[in-house]
Amino acid sequence: MPTLRIEDSNMLLKGIKIPDVRIGPDPISIQTGAFIGGTGFLDTGCDGSVVKLSVAKQLGLKPIAEGGSVGLNGDTIRHSIYQLAVFFRPLEAPIQVEVAAIEDIPNDGEIFVLGRDLLARFLVTIDFPRNTFSLYSTR
């Protein structure tokens with residue numbers, strides 16, 4: 001049985017939306033309600049996970065490193081790296097992750113992008129004919 005199964009007919013074009021994403025400075029903050037909630041999306045073309053910079057600042061997170069990435073136009077984009085906890089149902093516990101913080105996430109209203117760095121922690125199944133995506137715990 002999948003840990004997470006999300007269906008979205010537009011998944012091949014825009015990534016897969018993940019409702020009720022919770023982001024906090026650590027796992028305890030999510031359990032105690034000291035988190036920021038919103039929508040995220042899963043992007044299999046994104047190497048690393050990303051959080052909206054305003055969310056990192058609102059949580060009072062301090063950068064742990066500086067990094068860079070290359071945009072679609074070839075320009076290098078500098079950004080800060082933060083450590084935080086992210087949770088979305090039906091996962092049993094928050095996931096601790098290092099993320100890049102960027103000014104704006106391209107999809108409207110999303111606060112988090114789940115990239116391949118986190119996908120690598122799961123067995124991933126994509127069913128293109130049904131437009132479904134599943135994550136299975138490897139534990």
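Colleague: What pattern does the chain follow, read along the sequence?

Modeller: Read from start to end, this chain follows the pattern β-α-β-α-β-β-α-β-β-β-β-α-β-β, and please keep in mind that we are looking at a predicted model.

Colleague: How many helices and strands are there in the chain?

Modeller: The chain has four helices and ten strands.

Colleague: Okay, on to the inside. How many residues has the largest nonpolar core, and which have the most contacts inside it?

Modeller: The largest nonpolar core has 31 residues, and those with the most contacts inside it are Ile-23, Val-51, Leu-84, Val-86, Phe-112 and Leu-114. At least two residues of this core come from each of strands E2 (16–24), E3 (36–42), E6 (76–87), E7 (95–102) and E8 (110–114), and the same holds for helices H3 (53–58) and H4 (116–119).

Colleague: Which element supplies the largest share of this core?

Modeller: That is E6, from which five residues of the core come.

Colleague: And Ile-23, what is it in contact with, leaving aside its neighbours within four places in sequence?

Modeller: With those neighbours left aside, Ile-23 is in contact with Ile-30, Phe-35, Ile-36, Val-51, Val-55, Leu-59, Leu-84, Ala-85, Val-86, Ile-111 and Phe-112. Apart from that core, there is a second, separate one of five residues, which include Phe-41, Cys-46, Val-50 and Val-113.

Colleague: Why would side chains like these sit together?

Modeller: As a general tendency, nonpolar side chains in soluble globular proteins are buried together.

Colleague: Back to E6. In what sense does E6 pair with E2, and over how many bridges?

Modeller: E2 and E6 pair in the antiparallel sense over three bridges, and within that pairing Gly-24 has Ala-85 of E6 as its bridge partner.

Colleague: What about E5 and E6, how many bridges there?

Modeller: Strand E5, residues 65–70, pairs with E6 in the antiparallel sense over six bridges, and the bridge partner of Gly-67 in E6 is His-79.

Colleague: And how many bridges join E6 to E7?

Modeller: E6 and E7 run antiparallel and are joined by seven bridges; Leu-84, one of the residues with the most contacts inside the largest core, stands opposite Val-97 in E7.

Colleague: Changing topic, what percentage of the chain is buried?

Modeller: Of the 139 residues in the chain, 45% are buried. The accessible surface comes to about 7,900 Å², and 51% of that belongs to carbon and sulfur atoms.

Colleague: Last one: among contacts between residues at least 6 apart in sequence, what percentage join residues at least 24 apart?

Modeller: Among those contacts in the chain, 58% join residues at least 24 apart in sequence.

Notes. Residues numbered from 1 in each chain as written. Predicted model: local features only at pLDDT ≥ 70, side-chain atom pairs only at ≥ 80, totals over all residues. Heavy atoms only, no water. Core = buried A, V, L, I, M, F, W, Y, C linked by side-chain atoms within 4.5 Å. Buried < 20%, exposed > 50% of the residue type's maximum accessible area, 1.4 Å probe, protein only. Contact = heavy atoms within 4.5 Å. Pairing = 2+ DSSP bridges. Areas by Shrake-Rupley, 256 points an atom, 1.4 Å probe, with all protein chains shown as cover.
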